[in-house]
Amino acid sequence: MKITFLTVGKTEDAYLKDGIEKYVKRLKHYTKLSIIDLDELKNTKALTREQQKAKEAELILKKITPQDYVILLDEKGMELSSVKFAAYIEKKEIGSVASMVFIVGGPYGFDQSVYDRANDKLSLSPMTFSHQMVRLFFIEQLYRAYTIMKGEPYHHE
């Protein structure tokens, strides 16, 4: 199964980039992962939040195909433990899902058109994290999920 991690904006802080790269390298042993960072919108001061979300939605929807299984990282999404997240990924792998796309939206969340296209929503926590940090947290959890599926000692129960 191919996994794509699609984000609006780029990771700017070096320590986060380093952490993300650490787990991306580790994930190469388990799955085909690609990361797509969409450019943040320019000149957004003249746009309402809804207009900004709509413009971001256009960029997001261009990057996904009808065959992709789309999961939004969203505060209103399902909350799974690391073990249950691993089971979720494994269930999709065993099923006929060939491509999963996890998406982090812009600062105001997602436009309704993106919600309409999504297959699932996933919350990493009831807490709010910066969009920069969410990227590292998600990539680490994806790595953790694969080590759980393989029975490797990274995750401790």
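This note goes through the sheet, the helices packed on it, the largest pocket and several individual residues of a predicted model.

1. Sheet order. The core element to start from is an open sheet of 5 strands, arranged β2-β1-β4-β3-β5 with parallel pairing. Its edge strands are β2 (32-38) and β5 (120-123), each of which pairs on one side only. From one strand to the next the twist averages 30 degrees.

2. Pairing of β1 with β4. These two strands run parallel and are joined by 6 bridges. One position to check on screen is Thr4, which stands opposite Val101 in β4.

3. Pairing of β3 with its two neighbours. β3 and β4 run parallel, with 4 bridges between them; here Tyr69 stands opposite Met100 in β4. Strand β3 (residues 69-79) also pairs with β5 in the parallel sense, over 5 bridges. In that pairing, Leu73 has Leu122 of β5 as its bridge partner.

4. Burial of β4. The strand is mostly covered, with 6 of its 6 residues buried. Ser99, Val101 and Ile103 point one way from β4, while Met100, Phe102 and Val104 point the other way, and all are buried. Two of the residues already mentioned as partners belong to these sets: Val101, opposite Thr4, and Met100, opposite Tyr69.

5. Helices across the sheet. Helix α2 (residues 49-62) lies across β1 (2-8), β2 and β4 (99-104), and runs at about 160 degrees to β1. Helix α3 lies across β3, β4 and β5, at about 140 degrees to β4. Strand β4 is thus named in both packings, that of α2 and that of α3.

6. Largest pocket. Its volume is about 470 Å³. The lining comprises 22 residues, and those nearest the pocket centre are Leu73, Asp74, Glu75, Phe129 and His131. Two or more lining residues come from each of β3, β5 and α5 (131-149). The greatest contribution is that of β3, with 4 residues. Leu73, listed among the residues nearest the centre, is also the bridge partner of Leu122 in β5.

7. Ser82. This residue lies in helix α3 (residues 82-94). Ser82 is buried, since its relative accessible area is 16%, under the 20% limit for that class. Beyond four places in sequence, Ser82 touches Gln141, Arg144, Ile148 and His155.

8. Ser113. Helix α4 (residues 112-117) contains Ser113. Its relative accessibility is 28%, so Ser113 counts as partly exposed. The side chains of Ser113 and Asp111 are joined by a polar contact of 2.6 Å. Leaving out residues up to four places away in sequence, Ser113 touches Ala57 and Leu61. Ser113 and Ala54 are 59 residues apart in sequence, yet their C-alpha atoms are 7.9 Å apart in space.

9. Ser125. The loop between β5 and α5 holds Ser125. With 17% relative accessibility, Ser125 counts as buried, although the residue belongs to a loop. A polar atom of the Ser125 side chain lies 3.0 Å from the backbone nitrogen of Met127. As for a distant pair, Ser125 and Lys45 are 80 residues apart in sequence and 30 Å apart in space, C-alpha to C-alpha.

10. Met1. The segment before β1 includes Met1. Met1 is partly exposed because its relative accessible area is 26%, which falls between the 20% and 50% limits. Apart from neighbours within four places in sequence, Met1 is in contact with Thr31, Lys32, Ile89, Lys92, Glu93, Val97, Ala98, Ser99, Met100 and Tyr146. Ala98 is 97 residues away from Met1 in sequence, with a C-alpha to C-alpha distance of 4.8 Å. Two other contacts of Met1, Ser99 and Met100, are buried residues that point opposite ways from β4.

Notes
Residues are numbered from 1 along each chain as its sequence is written. This is a predicted model: local features need pLDDT of at least 70, side-chain atom pairs count only at pLDDT 80 or more; totals for chains, interfaces and linings use all residues. Side-chain values use heavy atoms; hydrogens and water are left out. Buried means under 20% relative accessible area, exposed over 50%, partly exposed in between (1.4 Å probe, protein chains only). Contact means heavy atoms within 4.5 Å. A polar contact is a pair of N or O atoms within 3.5 Å; within protein, one must be able to donate a hydrogen and the other to accept it, and residues adjacent in sequence count only if both atoms are side-chain atoms. Two strands pair if DSSP finds at least two bridges between them. Axes are lines fitted to C-alpha atoms, for helices over the stretch in contact, and angles run from 0 to 180 degrees between N-to-C directions. On a 1 Å grid over the protein atoms alone, a cavity is a set of points where a 1.4 Å probe fits but cannot get out, and a pocket is an open set with protein on both sides within 12 Å along at least five of seven lines; lining residues have an atom within 4 Å of a point. Grid points are joined across faces, edges and corners, and a volume is the space filled by probe spheres set on the points.
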